[in-house]
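Student: I would like to work through this model with you, moving from a single residue to strands, sheets and cores. Could we take it in questions and answers?

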Amino acid sequence: MADGNAVSGYGNGYYNWHAYISIWQNWITDDKISLHVELGYSTQYAINVYAKGHLDQGNTNWSGSLYSGNNSGWVTTAVASADVEFGRGENDWTYSCGGWIQTTGGFAPGTSWVTGTYTVPAHPRYVPRAPTNLTLVSSTDTKQELSVKLPDKSGWHDYNKINFYRHTDDGDTEQLYHDKVISNYLDLTTTAGHKYTYDCRVQNGDDSNYCSDMSNVVTVFTSPNALGRLELTKTADNKAQLKGYDAPRWKDGYEFQVTKDNGKTWENAEVDESWLATNAPAGTIRYRVRAYKLNPWDGAGDTIYSPWTESNSITTICPPNAPTINGLKTVYAANMNEGANIAITWTPNHPDGSPQSAAQIELNSSVGSLPTVDITDSTTSFSINHGVGTLSVRVRTKGIDAEWGAWSEWKTARIAYGASAWFSSPSTNGTEVGILPYTVEWKAADSTGISYQKIELRDSSGGIIASIEPSTSTRSWNLSGYSMLVNNSSYTLKGYVRNGAGLTTEFTRTFTTNWLSPAAPTVQVEYTDDLCAIIHVYQPKTDYAVQDAALTGTITQSDDGLLLSGNLTIEDGAIKLTSTAPTKTYDIARKDSDGTLTVLGTGNDLGTFVIDRLPPLNTEYEYVMTAHAESGTYITFSVKALCPSSGDEAFNFGDAAETCLRVGFDAQASRSKKVSGNTFHFALGKGASQLPTFYSNDDMDIDGTHSYKLHSRDLYDRAEKITDKPENAVCWFRSAFGRIARVYVSAWNFSYATENYMLWNMGASMTECVWEEPLR
């Protein structure tokens, strides 16, 4: 009920009244509704006054008395009414109706306006009709495309969502989609080896009470999984038995194929229900199998297959393959009257694993026809004596198969006489060599010519010291180097000569060495202020030698006779002189602490000196001396040396390192090394190192800075003058700790300050370069 505005009499609250409208339902169906609309007044005190009123519905008017005899509360009185019918729509809506009552007279005059409303409910919705004709549009192992015909919405069977469902391998329901209405759905979550069943239904909102019945069902199979493993065995009667493992679930059967050529070609094969191939082909065979599924698309579609699974290989009974001939050389050396014994073996090649039961050997000789050799057992060897000429051989075998196997390829050997070769110098074993250099000579001849030569020098243990492979016309080898021969030692010469027939003749000769070594000369090392070494080499102190049947040495004549001094002893009343050969020349090399050998001079005469411009500073090193006698014999010895610099360091300039700048007071230095290359991070998986991998370019940069204080004006002026020349930017640097380097000085720095009068600063920034020896 809706009440209108109140009307009061005399302003004292008495005679209060107001209009009202009350609306209620007469009846309702799914399609229509009937409403009753009533207009009246409510009074609180007794009243009787003329009134009139109006109800909008039906344009209904009223007139009469507004009367009530009750003074104890509100009383309602209807004065007009009307009925109305409406159709129910898609949505709820509100019906509204107005009216009024007006009084005139001596008390409580006024008008009360009122409006009543009523909500007309929407037409009820019905459960949607089911979608139809769910079909599979396309199918792959990883994608299924579905299409469905949507139902009619008429007759209040409305819907606004659709649900697609799937059952995998007859399992539980999976809801794939629940959203706005679509007629095509794409499932991208399938994989091979499964059965998928699809259906769908529409729904009005999210209320499960308004879901349609299910559509028709669509079933699709993806490609069967491959067999987990296929095992092939050979039965006792040479049939092929297959056995599969981990069979796929969804399949209609299997296809079998067999290969006889290791997979190059495959042929369809038949097996019985137990997978026994009763007609397996002969030879080495291998099977493969794949599963298939017929009509995989809801009872239609092309047959789909699993990947192939291959078995191991077996060999059934078959003729042998060609055997392999072993042990036949290409050429044999024939004895003068007996020829050569030629022995061969062969390796049977029976794919079925059967042993050799027989063999045949065919011989093709340059000296005449030879009969075929028959072997009736498992023997796999044969020998024959053959004269000079050629012999060709081939073999075939038989196993348990009745047929002979394939012939091997022809193998051919040549029988010929070897070359004649021997050492002519030394001509006999045990020859004593006392003079160096020594020339080895040999003879070699053959009617087919000489095609190859090799001569080896071996020590007493058989180790090869040196070898040559001279031209085929060479017949000598000069053993000139003292690194090859050591005094009082035994050696073996071994020669190899191959003739035009391909035969190699070996020949040997032994010899020993025994020569007079020269005496070691006297060596004296002195160092200059420029930190270079001068090595003086004098005649040996052991001065006695026999030269042309005359005794030479430190002999002086006096009135009392001849005085012999020097290295000699008296034994059993006789003078015993040291056995040495006269020293003629010497070689000299510097051996640094790291073993590096630098040659300073060769073939120098005694009584001369050698200048070493770059000896290491404050570090022990050696001069290696080799003295030579006129006979070619030698002696090698070392002289220890040390070049002290009192802490100074040196820069040497010029092509021969002849100019030295010696500095060192308050020296400071730094040195850095940098290797170039690239670093890469690799995705090696969880647990691997997070650090990069470095790949070097095999390049290195070594840089350094050195600073000194120059304590004299002369030294400062000399340093400035030397470093003013651009060519002196590349020089040699020697540290106070024995390191020597070829360097490029990118900057020479000189400075001074008044507080340090007569004291200059010198600095050098340098990069080490490839080493170059100074001119000597």
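Student: In which strand does Thr585 lie?

Tutor: Please keep in mind throughout that this is a predicted model. The strand that holds Thr585 covers residues 583-591, and its name is E49.

Student: Is Thr585 buried or exposed?

Tutor: A residue counts as buried when its relative accessible area is under 20%. Thr585 has a relative accessibility of 14%, and therefore it counts as buried.

Student: Which residues does Thr585 touch, if residues up to four places away in sequence are not counted?

Tutor: With those sequence neighbours set aside, one part of the list is Gly603, Asn604 and Asp605, which Thr585 touches. The list also includes residues further along the chain numbering, and these contacts of Thr585 are Thr626, Ala627 and His628.

Student: What is the strand order in the open sheet of three strands, and which strands stand at its edges?

Tutor: The pairing in this open sheet is antiparallel, and the order is E41-E42-E51. Strand E41 (522-527) and strand E51 (609-612) each have a single partner strand, so one side of each is left without a neighbour in the sheet. Neighbouring strands here are turned by 20 degrees against each other on average, direction ignored. The edge strands are thus named as E41 and E51.

Student: How many bridges join E42 to E51, and which residue in E51 stands opposite Ala533?

Tutor: Strand E42, which spans residues 533-538, runs antiparallel to E51, and the two are joined by four bridges. Within E51, the residue standing opposite Ala533 is Asp612.

Student: With which strands does E14 pair over eight and over four bridges?

Tutor: Strand E14 comprises residues 195-203, and eight of its nine residues are buried. Its pairing with residues 161-168, which form E11, is antiparallel over eight bridges, and Phe164 has Cys200 in E14 as its bridge partner. Tyr196 has Val220 as its bridge partner, and this residue belongs to the strand of residues 218-221 that pairs with E14 in the antiparallel sense over four bridges. The strands asked for are E11 and E15.

Student: Which residues touch the most other members in the largest nonpolar core?

Tutor: The largest nonpolar core holds 27 residues, and strands E1, E2, E3, E4, E5, E6, E7 and E8 each supply at least two of them. A second, separate core has 24 residues, including Ala419, Leu479, Met484 and Leu493. In the largest core, the members that touch the most others are Leu39, Leu66, Tyr95 and Ile101.

Definitions and conventions. Residues numbered from 1 in each chain as written. Predicted model: local features only at pLDDT ≥ 70, side-chain atom pairs only at ≥ 80, totals over all residues. Heavy atoms only, no water. Pairing = 2+ DSSP bridges. Axes fitted to C-alpha atoms, helices over the stretch in contact; angles between N-to-C directions. Buried < 20%, exposed > 50% of the residue type's maximum accessible area, 1.4 Å probe, protein only. Core = buried A, V, L, I, M, F, W, Y, C linked by side-chain atoms within 4.5 Å. Contact = heavy atoms within 4.5 Å.
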